[in-house]
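I opened this model to look up its helices, its surface and its charged pairs. My notes follow in the order I made them.

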Amino acid sequence: MLLYIYTLSEVPGIDSSSPWWNYPGLELWKFVNLLVFILCALYLHRRFGRPIGEALRSRGEGIKRELLRAREERDQALAKLAEVESRFANLDAEVARVKERARIEAEAEKQRIADATGEEIAKTREQAKREIETAGKAARHELRRFAAEESVRIAEELLQREMRPEDDVRLTGRNVQELGRTGP
């Protein structure tokens, strides 16, 4: 097989008057433009690439730190959520325990009040008995005093009614004789 190289003048559709660098599909200016762009990008990368790289690296580290902090906060929030959910799950049992404890305390308080009331009633009865006994003693004493005074009064009235003057002389004489015997 023979390889035949065409010259520009032999290529169909190409005008022999157009230069080689303007060959359709080759268009050398596009490659030159690409080369200039790559050179400018390399220059800018060398000039500003290190500060930008460091800024991007520090920004990446900051993002990593914030992600770690966010994970820790998420873990703490999940732990707290689990605790709250467990407490919420145990809420019915806790309410039942509180109700039972309140019922037991109310029963104990009721019993304590009943006992205190019984003791107070017993004390009041004892005090009432003592007051009744004291009042009875005072009434009996007053009745005895009244009876004695009435007996004396009735006896005086009876003596004044029944006693005659000669009885009075005789009694007075007898009393004087008795006093004379007991004398010095």
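I started at Leu-34, which sits in helix H1, residues 28-89. The model is predicted, so I read every value below as computed from it.

Is Leu-34 buried or exposed? Neither label fits: Leu-34 is partly exposed, because its relative accessibility is 45% and the partly exposed class lies between 20% and 50%. I then checked what surrounds Leu-34 on the surface. Leu-34 belongs to a nonpolar patch with Leu-35, Phe-37, Ile-38, Leu-39 and Leu-42. The patch covers about 610 Å².

Next I followed H1 itself. H1 counts 62 residues. I compared its span with that of a straight helix. The end C-alpha atoms are only 77 Å apart, while a straight helix at 1.5 Å a residue would reach 92 Å. Where does H1 bend? I found a bend of about 60° at Phe-48. Pro-51 follows within four residues of Phe-48.

I also stopped at Asp-75, another residue of H1. Asp-75 has a relative accessible area of 41%, so I logged it as partly exposed. Its side chain makes a polar contact with the side chain of Arg-74, at 3.3 Å.

**Charged pairs in H2**

How many salt bridges are there? The count is nine. The cut-off is a Lys or Arg side-chain nitrogen within 4 Å of an Asp or Glu carboxyl oxygen. I looked at three of these pairs in turn.

I took Glu-109 and Arg-112 to begin with. They form a salt bridge, and their closest N and O atoms are 2.5 Å apart. Both residues lie in helix H2, residues 91-162. They are three residues apart, about one turn of the helix. Glu-109 is partly exposed at 36% relative accessible area. Arg-112 is also in the partly exposed class, at 47%.

Then I looked at Glu-142 and Arg-145. Their salt bridge has its closest N and O atoms 2.1 Å apart. These two are three residues apart in H2, so about one helical turn separates them. I recorded 38% relative accessibility for Glu-142, which makes it partly exposed. Arg-145 is partly exposed at 37%. The pair does not stand alone: Glu-142, Arg-145 and Glu-149 are linked in a network of salt bridges.

Last came Arg-153 and Glu-157. Their side chains meet in a salt bridge at 2.7 Å, N to O. This pair is four residues apart in H2, so the separation is again about one helical turn. Arg-153 is partly exposed at 36%, and Glu-157 is partly exposed at 37%.

Why do spacings of three and four suit such pairs along a helix? An α-helix has 3.6 residues a turn, so residues three or four places apart point the same way.

**Whole chain**

I finished with the totals. The protein chain has three helices and zero strands. Read along the sequence, the pattern is α-α-α. What share of the chain counts as buried? I noted 3% of its 184 residues. The chain exposes about 17,400 Å². Carbon and sulfur atoms supply 61% of that area.

Note on methods
Residues numbered from 1 in each chain as written. Predicted model: local features only at pLDDT ≥ 70, side-chain atom pairs only at ≥ 80, totals over all residues. Heavy atoms only, no water. Patch = residues over 30% accessible without salt bridge, like charges linked within 9 Å, V, L, I, M, F, W, Y side chains within 5 Å. Areas by Shrake-Rupley, 256 points an atom, 1.4 Å probe, with all protein chains shown as cover. Buried < 20%, exposed > 50% of the residue type's maximum accessible area, 1.4 Å probe, protein only. Expected span 1.5 Å × (residues − 1). Bend = angle between axes of the 7 residues up to and from the residue. Polar contact = N/O pair within 3.5 Å; in protein donor to acceptor, adjacent residues only side chain to side chain.
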